[in-house]
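Today I sat down with the model and a fresh notebook page. I wanted to look up two things: one helix and the ligand site.

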Amino acid sequence: MAFEGLADRLQNTIQKIKGKGKVTEEDVKAMTREIRLALLEADVNFKVVKDFIKRVKERAVGQEVMKSLTPGQQVIKVVKEELTELMGGEQSKIATANRPPTVIMMVGLQGAGKTTTTGKLANHLRKEHNRKPLLVAADVYRPAAINQLETIGKQLDIPVYSEGTEANPVDIAKQAIEEAKANHNDYVIIDTAGRLHVDEHLMDELQQIRDTVQPTETFLVVDSMTGQDAVNVAETFNNQLDLSGVVLTKLDGDTRGGAALSIKAVTDKPIKFAGMGEKMDALEPFHPERMASRILG
Ligand code: GDP
């Protein structure tokens, strides 16, 4: 299960302080030392850990805790609030353009789950928001990617706009929006090309598509199993494309959690959705508070 090691360690740590009728600075120090190690072991970015520990320490030895009748529980509340804040605080909802269609551009490295997530997102929009999405196959470099999206479209009974592998992705995206207007599709979700590594050509092309279609949302799809790499990828894509949000995939796997806990702090962009499996309904809006509760037990 995701976060298992981290959850175990944090729960152990906070158990020790939970029932205390009096919490000393020494207790807080011991606790934050253990939390620090647990977070580092879960592959959370070291600078993120440092800032997090500083905030918890400040608050835990502060008035709100020391003067409370249940200081042990108060400390735990502080840890939970800070963990929630770390993952973005409030849940961040999907945006809608003033004038339809709302264009969502999906970007990410190959294998992260971009094409799958494109389908899942369309399914979510239709099911939960009563929307009528159009999927766009703009990854022209891998014929398999186009087939994959078309298969997903058939499975979901959601239309897929494709011009095969010969057309230019910028033109495909532009045409797709015209098609959406003609057919009254209120969301257009563009599945762009991915590479094994970030490269200049990929970024150039993504920037061109973005400048042309001016998406309301630009979502980076990242694999939570890749830990710090996911954070580095997010930072690079964000610098180049000014993302509006992140979708973390494979949170159903045994990810240690580093990506989920670092991405918001490093990029200042919210995690909007979490991929929880391979099936088309395995996508959930990301709730920082619920996730923090899950980790802290
Ligand atoms: P792309 O290259 O980024 O388009 O990646 P794909 O969409 O083809 O996904 C790569 C693999 O990851 C596929 O086998 C997907 O089924 C799988 N995958 C995608 N999202 C998730 C997820 O949230 N959980 C799990 N367990 N597998 C996922």
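Before starting, I noted the cut-offs: a residue counts as buried under 20% relative accessible area and as exposed over 50%. I also reminded myself that this is a predicted model.

**Entry 1: helix α3**

I began with the extent of α3, which runs over residues 46-60. I found 15 residues and a reach of 21 Å from the first C-alpha to the last, close to the 21 Å expected at 1.5 Å a residue.

Next I asked which residues of α3 are buried. My list reads Val48, Val49, Phe52, Ile53, Val56 and Ala60. They sit on the same side of α3 because they cover an arc of only 125 degrees around the axis. This fits a general point I like to keep handy: an α-helix has 3.6 residues a turn, so residues three or four places apart point the same way.

I then looked at the face turned away from the buried side of α3, and there I met the exposed residues Lys47, Lys50 and Lys54. The buried residues of α3, for their part, pack against α2 (25-41), α4 (63-66), α5 (71-86) and α11 (258-267).

At the N-terminal end of α3 I found Asn45 as the cap, with a side-chain oxygen 2.9 Å from the backbone nitrogen of Lys47.

**Entry 2: the ligand**

How many residues surround the ligand? I got 18, and the closest are Gly111, Lys114, Thr116, Asp252 and Glu278. Helix α6 (residues 114-129) gives the largest share of this shell, 4 residues.

I jotted down two contacts to oxygen atoms of the ligand: a backbone N or O atom of Lys114 lies 2.7 Å away, and a side-chain N or O atom of Lys120 lies 3.3 Å away. The protein covers 80% of the 580 Å² of accessible area that the ligand has on its own.

Notes:
Residues numbered from 1 in each chain as written. Predicted model: local features only at pLDDT ≥ 70, side-chain atom pairs only at ≥ 80, totals over all residues. Heavy atoms only, no water. Helix = DSSP H or I, 4+ residues; strand = E, 2+ residues; numbered from the N terminus. Expected span 1.5 Å × (residues − 1). Buried < 20%, exposed > 50% of the residue type's maximum accessible area, 1.4 Å probe, protein only. Arc of directions from axis to C-beta. Contact = heavy atoms within 4.5 Å. Polar contact = N/O pair within 3.5 Å; in protein donor to acceptor, adjacent residues only side chain to side chain. Near = heavy atom within 4 Å. Areas by Shrake-Rupley, 256 points an atom, 1.4 Å probe, with all protein chains shown as cover.
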